Amino acid sequence: MRNSFKIFIAVTAFGIASSIIACKRETPVAAVLNSPVLPETPYAYQTREPIPDHMSALVFSNTHLDDNIATLGRVLFYDPRLSANSTVSCGSCHNANYAFAIPKQFATGLIAVKTPRNAPSIQNITFYNSFFWDMRASRGLEDMSLMPVQNHIEMGISDLNAVVARVKQTPYYGPLFEKAFGRAELITELNIRTALAQFMRSVMSFRTKYDEGYATNFSNFNSQELAGKQLFENKFACVTCHVPPEFSSNGQGACTGLDEENVGDQGAGAFMQMQDSTGFNSLNGVFKIPTLRNIAYTAPYMHDGRFATLDQVLEHYSTGIKTVRNLDPRLQPGFTMIWGPTVNFSSDSPFNGPASNTVTPVRMNMTAIEKAQLIAFLNTLSDPKMISDVKYSNPFQH
Ligand code: HEC
Ligand code: HEC
């Protein structure tokens, strides 16, 4: 309990009474319908800590944050009232303790209906301009931030006016909107989107062991971590797709040969057609290249959460890549071997080269020692300070 930081923001007797009751029981977030507890002075969402030079894009995002708007966003993010039956919040599927992912293959939305994909982590969102595993939302975070509310599996309120009406009816939002936007009456769809987006933009990872080592040529790494870094950058060239400092590719996608052709979820190919002369859609099997920041916290892995451990992910790259026509060139022999750390990223199409019938998947054939070294390196991308930061926690759980 962090009571010294907190005051009750709600002024209604009902709100206070239900909060106190909620303190005494162990209720999962889905069932809590009390008022949020917030600090008297808002937390510093616009961080006062220096952000290292190699993370300079974060500085841009951070100077556009407002502590009161992000605070409102935090409340909206964790408020189950935004779902059709008041049981599901964004936080039900994006849990701060797991870098805003969830340790389940498929998250449960409204009453036992599961999402068809694994919930991704949310962090350093300023680095991305397209969202979801298939990159279908590409008009910015503010635009997408209410899509999950409308999604019938996730939160199920298709009419956004109904969402606005609910927020208006909930007593604690008036004062929060007043602080954030100047007037309690400014409860609008646009301001709800903005607040949610600001909260998500405030979730920043820049204090990992990797970040701390960056300026000192990684003198803080032990020999195993250094060996893993070498493998990641050179021998296995993971870095050609998982590009530092985000260890992703700014919303670009790739087909990593998880499944045989035309089997299962087709990712970007399911909503966008890019046929070659034979009618083959070269976007089939293409999914967003996800960030590897905080990867130790975000199991299970891949768009469908099929791998429970990092070891299983590495085994896929080591021996499991399937022979599919649109396998990313970076996962074909020759490519990784010829390309070293001096790879010219810009020559690389986000959606792969031309489909070919003569694809050979790379076999990285990692040894157990190499796998352990890679995992040691991946663990340097953990940011425990982000994970435990109280300003990202659920204000309804107290
Ligand atoms: C029932 C679980 C569930 C709920 C509730 C939920 N999400 Fe998600 N979220 C997901 C899943 C699953 C995906 C991936 C969907 C896909 O790729 O098709 C996702 C994707 C996202 C992404 C894209 C991340 C990326 O890297 O592409 C963002 C941002 C996001 N959700 C924000 C929110 C917000 C904001 C809310 C509340 C308004 C919310 N989510 C509610 C499960 C959920
Ligand atoms: C051709 C680009 C590419 C290369 C090279 C590549 N990856 Fe990936 N990686 C991806 C994509 C795309 C996904 C998501 C695949 C999916 O879900 O369908 C992914 C997923 C992952 C995940 C799971 C992330 C999550 O949040 O679920 C890990 C861990 C990972 N890769 C590590 C590595 C390592 C280690 C290497 C080098 C041995 C590597 N990758 C090489 C593109 C690549």
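**Group meeting: the protein and its ligand 1**

Okay, so to start with the protein as a whole: it has 398 residues, and 54% of them count as buried. Keep in mind that this is a predicted model. On secondary structure, you're looking at 15 helices and four strands. If you take the contacts with a separation of 6 or more, 73% of them are between residues 24 or more positions apart. And the accessible surface is about 17400 Å², with 57% of that belonging to carbon and sulfur atoms.

Right, on to ligand 1. There are 26 residues around it, and the ones that come nearest are Cys90, Cys93, His94, Phe132 and Lys288. Sorted by class, that shell has 15 nonpolar residues, seven polar ones and four charged ones. Two helices each supply at least two residues of the shell: helix 4, which is 90-93, and helix 6, which is 147-150.

Now, the iron. Which protein atom is the donor to the iron atom of ligand 1? That's NE2 of His94, the single donor from the protein, sitting 2.1 Å away. As for where to find His94 in the fold, go to the loop between helix 4 and helix 5, the latter being 141-144.

Let's finish with the oxygen atoms of the ligand. The side chain of Lys288 puts an N or O atom 2.5 Å from an oxygen of ligand 1. With Trp133 it's the backbone instead, where an N or O atom lies 2.7 Å from a ligand oxygen. Then there's Arg117, with a side-chain N or O atom 2.9 Å from an oxygen of ligand 1.

Notes. Residues numbered from 1 in each chain as written. Chains lettered and ligands numbered in written order. Predicted model: local features only at pLDDT ≥ 70, side-chain atom pairs only at ≥ 80, totals over all residues. Heavy atoms only, no water. Near = heavy atom within 4 Å. Polar contact = N/O pair within 3.5 Å; in protein donor to acceptor, adjacent residues only side chain to side chain. Nonpolar A, V, L, I, M, F, W, Y, C, P; charged D, E, K, R; others polar. Donors = N, O, S within 2.8 Å, 3.2 Å for Na, K, Ca; no water. Buried < 20%, exposed > 50% of the residue type's maximum accessible area, 1.4 Å probe, protein only. Contact = heavy atoms within 4.5 Å. Areas by Shrake-Rupley, 256 points an atom, 1.4 Å probe, with all protein chains shown as cover.
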